[in-house]
Amino acid sequence: MHINNYITSNVTISKNVVYHNERPVFENSGVELPAFLLSVYQHFELAYSKFHKMDSLSKLGWLATEVLLKDAGIKQYQPQQVGLVLSNANASLDSDQKYMQSVADIPSPALFVYTLPNIMIGEICIRNNFKGEDAFFIFEKFDAAFIEQYVAQLLDTNVLEACICGWVDVLNDDYKSVLFLVEKAEKAGAIPFSAKNLDTIFDNLIIDKI
């Protein structure tokens, strides 16, 4: 555990529910993923024209970041002091499959979308003017120990002052985004940045804050 680093905000989007700091803040059951993502965008009254060009993976990560940073006070940092470290199991496989289906029906590209993990990171950085280190890793499943070690090194060596990290994955009807804002400074409601706490939030369990 790195006691000088803290999870100051976290967001989970899964099974048509949005959780902010482990509390449900929006739900739209009974709709497919594209309609659900649009409803999240509308519910939080967001305005970003490129959102409608993104694929589902990019929309999921972008929306999770918007909720994550709501009232987070992130503007105190210089652009180069904030980074992103994200991961998933499927990269852009979901979008790749949909693209192949479209060109099978029409002999020319039928989809024009912002896709691939690096596009998602790029749009998050453009939206928030982040210029710190970023990375996207492919794992079989969420690897809390690796994320903790990698992000803690960036913070402990003063490469970053804050980092958004976590998991954004979409494949057909299976999707999940769990993002964490990690900072050096402890704030009200913050919890220690540790692999155990990352896993607990990822599994949607109750954090022991004692």
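This is a short tour of the aromatic contacts and one helix in a predicted model.

Let's start with the rings. A search of the whole structure finds 15 aromatic pairs. Take F137 and F146. Their ring centres are 4.9 Å apart and their planes sit at 75 degrees, so this pair is edge-to-face. The cut-off for that label is over 60 degrees. F146 itself is partly exposed, at 24% relative accessible area.

Now a second pair, F142 and F202. Here the centres are 4.5 Å apart and the planes are at 10 degrees, so the rings are stacked. Where do F142 and F202 lie? F142 is in the loop between strand 5 (134-138) and helix 5 (144-156). F202 belongs to helix 6, residues 195-202. So the pair ties together parts that are 60 residues apart in sequence. F142 and F202 are both buried. F202 also has a charge over its face: K176, at 4.0 Å from the ring centre.

Next, a cluster. Y41, Y48, F51 and W62 form one aromatic cluster. One of its members, F51, has a lysine over its face. That lysine is K59, at 5.0 Å from the ring centre.

Last, helix 2, residues 56-68. What span should its 13 residues give at 1.5 Å a residue? The expected figure is 18 Å, and the end C-alpha atoms are 18 Å apart, which agrees. Is helix 2 enclosed or open? Of its 13 residues, 13 are buried, so helix 2 is largely enclosed by the rest of the structure.

How values were computed:
Residues are numbered from 1 along each chain as its sequence is written. This is a predicted model: local features need pLDDT of at least 70, side-chain atom pairs count only at pLDDT 80 or more; totals for chains, interfaces and linings use all residues. Side-chain values use heavy atoms; hydrogens and water are left out. Rings of Phe, Tyr and Trp (its six-membered ring) pair if their centres lie within 6.5 Å; planes under 30 degrees apart count as stacked, over 60 as edge-to-face and the rest as tilted. Buried means under 20% relative accessible area, exposed over 50%, partly exposed in between (1.4 Å probe, protein chains only). Helices (H or I, at least four residues) and strands (E, at least two) are DSSP runs, numbered from the N terminus. A charge sits over a ring if NZ of Lys or CZ of Arg is within 6 Å of the ring centre and within 35 degrees of the ring normal. The expected span of a helix is 1.5 Å times one less than its number of residues.
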